[in-house]
Amino acid sequence: MSFSKHFLNKPETLVVESLQGLSALNPSLGLDVPNKVLYNATHDRSKVSLICGGGSGHEPAHAGYVGEGMLSAAVCGAVFASPNPAQVRRGIDLVESEKGTVIIVKNYTGDILNFGLAKEQYAALHPNKSNKVKFVIVGDDVAVGRSQGKIVGRRGLAGTVLLYKIAGALARQDASLEEVYGTSEFIATRLATIGVGLEHCHVPGTASSESHLGGTEIEIGMGIHNEPGARRISPVPPLNALIPSLIDNLTSTSDPDRSFVPFKGKGDRVVLLVNNLGGTSELEMGAIAHEAKKVLLSQNITVERIISGTFMTSLNMPGFSLTLLLLPRASEPYAPSADKLLALLDEPVSVPGWKWTAGQTPLESPIAPQASEVSAAGEVDAKLKAADDKEFVEAITRACKALIKEEPEITRMDNIAGDGDCGLTLKGGAEAVLADIQSGKISGRNVIGSMIAISKVAEEQMGGTSGAIYSIFFSALAQSLSSSSATTASPEVWSKALTLSLQSLYTYTRARPPSRTLVDPLQAFIEVLASSPKDFADAVKAAGDAAAKTSELEAKAGRSAYVEGDRLKQEKVPDPGAWGVKAIVEGLLG
């Protein structure tokens with residue numbers, strides 16, 4: 001189901017209130033509230049004016065690009081609805097220029113009709129200025145082929161923003177109306193965009209709807225007005241399978257129905273725009289940008305710029321789009337210089353919607369040299385051996401497998417009592433320990449080295465609070481074992497070392513039982529062993545009882561301390577970290 005809750009006063013006032021917020025961000029902007037026109041009040045009228053607009057719901061497009069260096073004005077309609085001609089005429093009047101005006105619209109029927117009618121009406125009212133208003137239509141979608149699009153053509157998508165940026169920088173440099181218009185028309189022919197979504201968006205003020213897509217489906221060719229895509233795929237593919245398919249849609253010249261931009265392959269130079277459609281995390285956006293760059297380089301296409309962020313959305317849609325701007329080759333007649341277009345893209349602007357860009361070609365492999373690896377177990381003299389080498393490895397293996405098995409339940413608990421990552425964090429650590437067992441880094445022939453190896457896994461593979469706690473504990477355990485004069489790790493050696501390790505851990509955390517954290521079962525386990533080192537089964541039972549008891553406790557530390565207390569009591573959920581310790585010691589017991 002699309003997410004249907006929103007922060008607003010009333011749906012019918014949301015657009016104006018959003019524009020008022022934008023104008024508050026930039027004091028140089030003016031706002032005509034009745035006509036929903038945001039404009040640059042300090043616009044230099046000796047330079048070409050740029051006007052755009054359309055339905056709202058695509059923020060930061062279009063009003064977020066109004067300001068010095070980009071748009072002179074944006075005319076906004078209701079959500080997904082074009083503004084009327086009177087609104088557009090008002091926008092033209094507010095930023096009328098001595099050199100003329102370029103109106104840029106996306107290829108949607110409502111926008112073309114209403115903005116086009118406003119242009120014609122302006123020309124009729126001002127016949128001496130009729131040649132000073134130009135009209136540019138952007139259709140960059142490649143998901144809709146020529147046969148399906150027929151006479152309406154390709155939809156306008158996020159590539160439009162690149163045209164805003166280039167045309168705006170050119171206008172600021174005092175270019176003529178003809179140059180701004182001609183460059184805009186050229187750019188419009190060199191843009192290719194395709195979108196993909198996990199679900200459709202929800203329009204404020206409308207009823208909640210059932211899911212448009214199944215739980216394992218994605219939709220390719222998403223528009224920005226909740227219209228269906230061109231095709232659906234199930235299950236959701238990994239990025240390294242999805243992105244090559246999308247890039248092929250953008251660059252392929254073998255399909256006459258969809259080959260809109262004159263790509264040639266090797267030697268092509270492009271600008272890559274990775275656009276968040278509204279509900280995709282920054283974490284995912286980074287991975288998408290990386291994968292797209294990698295695919296383009298594998299096709300011998302030079303990526304001159306990568307620009308990634310939220311540029312043209314469809315409200316809260318969980319999805320993204322990829323845009324390629326094909327730069328002209330030096331041999332192309334009547335084309336603007338590729339280097340000049342890049343310089344125009346790199347020009348700084350004073351608008352809230354445009355994101356930071358590096359202004360240079362990305363490095364092909366920006367990866368630090370690999371550090372030399374040394375076996376953790378090999379760094380420490382193997383002076384302490386397990387009483388039973390085979391059982392030592394088997395016990396650790398059982399503990400890891402127990403953690404992996406418990407991951408879904410620990411994740412369920414942490415979704416209620418924390419931030420939802422505890423299960424996967426512990427599972428990742430367990431899998432890495434199993435890998436170290438296979439590689440020989442962990443063995444009963446070197447107990448101290450094995451504890452150091454586990455500590456490193458916790459530090460490097462787990463991360464976060466859990467990783468730090470486990471790493472500190474196992475580092476302290478290795479240090480405590482090193483202080484023993486024994487050559488075999490007997491129950492008494494383990495008991496003493498575990499007690500010292502807990503004391504070291506308490507140097508770095510204020511959590512003490514009963515605290516509803518992993519220290520509850522950990523201390524219970526160690527205390528039993530301290531009094532009776534050979535009663536391992538009793539120690540495991542004490543840890544299990546302590547972990548279960550956390551469901552009745554008030555959180556005093558850890559992520560649960562930030563969760564509303566009554567909810568924890570109502571749900572009766574044990575602490576997920578404590579449950580992880582329970583799984584580990586029960587696995588060790590077998």
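Which residues of strand 5 lie on one side and which on the other, and are they buried or exposed? Keep that in mind as you open this predicted model; the tour will reach strand 5 after a look at the whole chain.

**Stop 1: the whole chain**

Start zoomed out, with the full chain in view. Its C-alpha trace spans about 100 × 55 × 45 Å along the principal axes. Switch to a cartoon style and you can look for 18 helices and 14 strands. Of the 590 residues in the chain, 52% are buried.

Now try a surface view. The chain exposes about 26,300 Å², and 54% of that comes from carbon and sulfur atoms. If you colour by charge, there are 56 positive and 65 negative side chains to find, and the centres of these two sets lie 2 Å apart. Contacts tell you about the fold as well: of those between residues at least 6 apart in sequence, 74% join residues at least 24 apart.

**Stop 2: a sheet of six strands**

Next, select residues 29-32, which make up strand 1, and residues 133-138, which make up strand 6. These two are the edge strands of an open sheet, each pairing on one side only. The sheet has six strands in the order 1-2-4-3-5-6, and its pairing is mixed. Look along the sheet to see the turn between neighbouring strands, which is 20 degrees on average when direction is ignored.

Add helix 3 by selecting residues 109-125. This helix packs on the sheet and touches strand 3, strand 4 (73-79), strand 5 and strand 6. Compare the directions of helix 3 and strand 6: they make an angle of about 170 degrees.

**Stop 3: strand 5**

Here is the answer to the opening question. On one side of strand 5 sit Thr101, Ile103 and Val105, on the other Val102, Ile104 and Lys106, and all of them are buried. Six of the six residues of strand 5 are buried, so the strand is largely enclosed by the rest of the structure.

Which strands pair with strand 5? Select residues 49-56 to show strand 3, which pairs with strand 5 (residues 101-106) in the parallel sense over three bridges. Ser49 is a good residue to label, as it stands opposite Thr101 in strand 5. Then turn to strand 6, which runs parallel to strand 5 and is joined to it by six bridges. In that pair, Lys106 stands opposite Val138 of strand 6.

**Stop 4: another sheet of six strands**

Move on to the open sheet with the order 9-8-7-12-10-11, again with mixed pairing. Strand 9 (231-233) and strand 11 (302-309) are at its edges; each has a single partner strand, so one side of each is left without a neighbour in the sheet. From one strand to the next, the twist averages 20 degrees.

Two helices to select here pack on this sheet. Helix 7 (residues 239-251) touches strand 7, strand 8 (218-220), strand 9 and strand 12, and its direction makes about 40 degrees with that of strand 12. Helix 9 (residues 338-346) touches strand 10 and strand 11, and its direction makes about 30 degrees with that of strand 10.

**Stop 5: strand 12**

Select residues 319-326 to bring up strand 12, where eight of the eight residues are buried. Gly319, Ser321, Thr323 and Leu325 lie on one side, while Phe320, Leu322, Leu324 and Leu326 lie on the other, so to speak a strand with both faces covered.

Strand 7 (residues 191-197) pairs with strand 12 in the antiparallel sense over seven bridges. Label Ala192 there and you will find Leu324 of strand 12 opposite. Strand 10 (residues 269-276) also runs antiparallel to strand 12, and seven bridges join the two. In this pairing, Val271 stands opposite Leu325, and Asn276 has Phe320 as its bridge partner.

**Stop 6: a loop residue**

Finish at Pro514. Where is Pro514 placed? Select helix 14 (491-505) and helix 15 (519-531): Pro514 is in the loop between them. Pro514 is partly exposed, with a relative accessible area of 43%. Draw a distance from its C-alpha to that of Leu553: the two are 7.3 Å apart in space, although 39 residues apart in sequence.

How values were computed. Residues numbered from 1 in each chain as written. Predicted model: local features only at pLDDT ≥ 70, side-chain atom pairs only at ≥ 80, totals over all residues. Heavy atoms only, no water. Helix = DSSP H or I, 4+ residues; strand = E, 2+ residues; numbered from the N terminus. Buried < 20%, exposed > 50% of the residue type's maximum accessible area, 1.4 Å probe, protein only. Contact = heavy atoms within 4.5 Å. Areas by Shrake-Rupley, 256 points an atom, 1.4 Å probe, with all protein chains shown as cover. Lys, Arg positive; Asp, Glu negative; His and termini not counted. Charge placed at Lys NZ, Arg CZ, Asp CG, Glu CD. Pairing = 2+ DSSP bridges. Axes fitted to C-alpha atoms, helices over the stretch in contact; angles between N-to-C directions.
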